[in-house]
Amino acid sequence: MSRQVVACYQAQYSQLAVTTVLGSHPAQVTRLTNWLDGQGAQADYQLLSLVDEDSFPQIEPHFKTAGPAAEVQFSQRAFADPTALVKALAATAPRIMVDRVSQRFR
């Protein structure tokens, strides 16, 4: 089993962008936890997964907002082809992350 946890705390007017890439594993759990504790805190989570017929990813987003205008955006996309995943990642992620992911999925 593969496990990944991303836990965050945000104060007022803070901004956070998280991009997570999951490989193809038979059993995997990804838990995303964030407490946006204050006015204007904003978070953007992007989850990209490489999946096949033997993959059973379990995604557990837990977001708590406190304060006016605190908000979370969460998106997830699944790919059967590693090249398509890397292309999608290249549109938004820093170059060093794209390089590491492309080396991993060759």
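# Notebook: strands, two helices and a core

I began with serine 75, which sits in strand S6, residues 71–79. The model I am reading is a predicted one.

**Entry 1: serine 75.** Is serine 75 buried or exposed? Neither label fits: its relative accessibility is 34%, so serine 75 counts as partly exposed. I then listed what serine 75 touches, leaving out residues up to four places away in sequence. I found Tyr45, Gln46 and Leu47. I also checked the distance to leucine 48. The two C-alpha atoms are 8.5 Å apart, although 27 residues separate serine 75 and leucine 48 along the chain.

**Entry 2: leucine 48.** I skipped the neighbours within four places in sequence again. Leucine 48 is in contact with Thr20, Val21 and Leu22. Leucine 48 also contacts Arg77 and Phe79, and it reaches Leu85, Ala88 and Leu89.

**Entry 3: threonine 20.** Thr20 was on that list, so I looked it up next. Threonine 20 belongs to strand S2, residues 15–22. Its relative accessibility is 5%, and therefore it counts as buried. Beyond four places in sequence, threonine 20 is in contact with Gln4, Val6, Leu32, Gln46, Leu47 and Leu48.

**Entry 4: the whole chain.** I stepped back to count elements. The protein chain has 2 helices and 6 strands. Their order along the sequence is β-β-β-β-β-β-α-α. The C-alpha trace spans about 45 × 30 × 15 Å along its principal axes. Of the 106 residues, 34% count as buried. I also noted how far apart in sequence the contacting residues are. Among contacts with a separation of 6 or more, 79% join residues 24 or more positions apart.

**Entry 5: the helix pair.** How do H1 and H2 pack? Helix H1 covers residues 82–90 and helix H2 covers residues 95–104. Their axes are 9 Å apart, at an angle of about 175 degrees. Angles over 145 degrees count as roughly antiparallel, so H1 and H2 are roughly antiparallel to each other. From H1, Leu85, Val86, Leu89 and Ala90 take part in the contact. From H2, they meet Met97, Val98, Val101 and Ser102. By class, this contact has 7 nonpolar residues, 1 polar residue and no charged ones.

**Entry 6: the faces of the helices.** In H1 the buried residues are Leu85, Val86, Ala88 and Leu89. They fall within an arc of 160 degrees seen down the axis, so they line one face of H1. These buried residues pack against S2, S4, S6 and H2.

In H2, Val98, Val101 and Ser102 are buried. Their arc is only 100 degrees around the axis, so they are on the same side of H2. A general rule helps here: an α-helix has 3.6 residues a turn, so residues three or four places apart point the same way. On the other side of H2, Ile96, Arg100, Gln103 and Arg104 are exposed. The buried residues of H2 pack against S2 and H1.

**Entry 7: the cores.** Which residues make up the largest nonpolar core? I counted 12 residues in all, and leucine 48 is one of them. Val21, Leu50, Phe79, Ala93 and Phe105 are also among them. Strand S4 (42–50), H1 and H2 are the elements that give two or more residues to this core. H1 has the largest share, 4 residues. There is a second, separate core of 8 residues, including Val18, Leu32, Ala43 and Ala70. In soluble globular proteins, nonpolar side chains tend to be buried together.

How values were computed. Residues numbered from 1 in each chain as written. Predicted model: local features only at pLDDT ≥ 70, side-chain atom pairs only at ≥ 80, totals over all residues. Heavy atoms only, no water. Axes fitted to C-alpha atoms, helices over the stretch in contact; angles between N-to-C directions. Parallel < 35°, antiparallel > 145°, perpendicular 65-115°, else oblique. Contact = heavy atoms within 4.5 Å. Nonpolar A, V, L, I, M, F, W, Y, C, P; charged D, E, K, R; others polar. Core = buried A, V, L, I, M, F, W, Y, C linked by side-chain atoms within 4.5 Å. Buried < 20%, exposed > 50% of the residue type's maximum accessible area, 1.4 Å probe, protein only. Arc of directions from axis to C-beta.
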